[in-house]
Amino acid sequence: MTDPLNDLQHQLRGLWLPLITPFRDGELDAPSLRRLVRHYASGPVDGLILAATSGEGLSLSMAELERLVMLLRTELDDMRRHLPLCLGLSGASTRKLQDALDETAAWPIDGYLIASPYYLRPSQRGLLQHFTALADHASWPIVLYNIPYRSAVGLDNDTLLALAEHPNIAGLKDCGADRAQSIELLRHKPAGFRVLTGEDAQYHDALSDGADGAILLSAHIDTEMFAAVQHHLRAGHREAAAACWQSVSELTRLLFAEPSPAPAKYWLARAGLIASAEVRLPMVEVSTELAALLDQEIARRTLRDSQSGVANVA
């Protein structure tokens, strides 16, 4: 019998995509979801995160979460493509999150991505006990999600290193936006504990510092080039990696110029991968001004790709 933790730790590296959740007329858009899965599963993506920040998970009901997971796994099975799936969960109540872990225990996923509890601002001791209780309870391994600018409290390195020893915690999505803290964590973490950056704009720096990979909303666009940055760095081709990064680094600014994932959804709708750029309140679609900037960049990249003979839908 395989060990789910070892399986996820082995797969928790490279380029992961925090998949957007397509909507149409207020409902989950299954045809667009299938189209997204087939597009990205045919490319250099090493895993998928579902219903996290980029997937507007807090706006989804439990029934919608289940439908999302089942649709996605069925599509991958039809393709005979195995990609690890982590389900994003968030909440400020340990007990309610344990209930969610119970409700999702039989779903065809490989792990969870769980953010620090928001709004309450617990102490480091509280965070340690919170994540320990969840990891003790979960049927699937947990990836910690440190994102203090959204949760209002961050996990410090002493807490992260203590949690890294838990037998059901596989790694970390690092959105601490503190390079010095990240480097210190990478220096002291256990060998099996994976650290993937979630800071799109710090992607190249994080890989150069030793991160195991990345979970990037921006990689919905020009996925192959984002993957090439890692490929070249691993091969020791630093100049080639820097050139690839230079070609996509502007995307990491443009796609976060307004609250995410609205800009990425606009781009994907323009590319024909999803039927609508719709988001759920309190999120709103991009402004007219940003739409114009996105259209300019789409046109520029389309021209570049046509001149180079590259077909790049998104």
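A crossing of two helices is right-handed if the near helix is turned clockwise from the far one by less than a right angle. That term is handy from the outset, since in this predicted model helix α4 passes helix α5 in just such a right-handed crossing.

The overall picture helps to place these helices. The protein is built from 13 helices and 10 strands. Its C-alpha trace extends over about 55 × 45 × 40 Å along the principal axes. For 314 residues, a compact globule would be expected to have a radius of gyration near 20 Å, and the value of 19 Å found for the protein agrees with this. Of the 314 residues, 54% are buried. Among contacts with a separation of 6 or more, 73% link residues that are 24 or more positions apart.

Returning to the helix pairs, α4 covers residues 94-103 and α5 covers residues 124-137. Their axes come within 10 Å and cross at roughly 20 degrees. Angles under 35 degrees count as roughly parallel, and α4 and α5 are therefore roughly parallel to each other. On the α4 side, the residues in contact are T94, L97, Q98, L101 and D102, and they meet H130, A133, L134 and H137 of α5. Sorted by class, this contact brings together four nonpolar, four polar and one charged residues.

Helix α5 also has a neighbour in helix α7, which is made of residues 157-164. Here the axes lie 10 Å apart, and the packing angle is about 20 degrees. It follows that α5 and α7 are roughly parallel to each other, and α5 passes α7 in a right-handed crossing. The α5 residues involved are Q124, L128, F131 and T132, while α7 contributes T159, A162 and L163. By class, the contact of α5 with α7 holds four nonpolar and three polar residues, with no charged residues.

Just beyond this helix, N168 sits in the loop between α7 and β8, a strand of residues 169-174. Its relative accessibility is 13%, so N168 counts as buried. Leaving aside residues up to four places away in sequence, N168 touches L5, A135, A138, W140, P141 and I142. A further distance relates this loop to α4: N168 and D102 are 66 residues apart along the chain, and their C-alpha atoms are separated by 15 Å. D102 is one of the α4 residues that meet α5.

Another loop, the one between α3 (62-79) and β5 (85-89), contains P84. P84 has a relative accessible area of 3% and is therefore buried. Its contacts, not counting residues up to four places away in sequence, are with Q11, W16, D46, G47, L48 and D110. From P84 to C175, the C-alpha to C-alpha distance is 21 Å, with the two positions 91 residues apart in sequence.

The loop between α3 and β5 also holds R80. Unlike the buried P84, R80 is exposed, with a relative accessible area of 80%. The backbone at R80 is worth a look too: its phi is near 55 degrees, a positive value in a residue other than glycine. D25 likewise has a positive phi, near 55 degrees, and is a residue other than glycine. D25 is located in the loop between β2 (23-24) and β3 (27-28). With 69% relative accessibility, D25 counts as exposed.

Finally, two peptide bonds leading into proline deserve a mention. The bond from S260 to P261 is cis, with omega near 15 degrees. P261 is placed in the loop between α11 (238-254) and α12 (262-271). The bond from L281 to P282 is cis as well, again with omega near 15 degrees. P282 belongs to the loop that runs between α12 and α13, the latter made of residues 288-308.

Conventions. Residues are numbered from 1 along each chain as its sequence is written. This is a predicted model: local features need pLDDT of at least 70, side-chain atom pairs count only at pLDDT 80 or more; totals for chains, interfaces and linings use all residues. Side-chain values use heavy atoms; hydrogens and water are left out. Axes are lines fitted to C-alpha atoms, for helices over the stretch in contact, and angles run from 0 to 180 degrees between N-to-C directions. Helices (H or I, at least four residues) and strands (E, at least two) are DSSP runs, numbered from the N terminus. Angles under 35 degrees count as roughly parallel, over 145 as roughly antiparallel, 65 to 115 as roughly perpendicular and the rest as oblique. Contact means heavy atoms within 4.5 Å. Ala, Val, Leu, Ile, Met, Phe, Trp, Tyr, Cys and Pro count as nonpolar, Asp, Glu, Lys and Arg as charged, and the others, Gly among them, as polar. The radius of gyration is taken over C-alpha atoms; the globule rule is 2.2 Å times the number of residues to the power 0.38. Buried means under 20% relative accessible area, exposed over 50%, partly exposed in between (1.4 Å probe, protein chains only).
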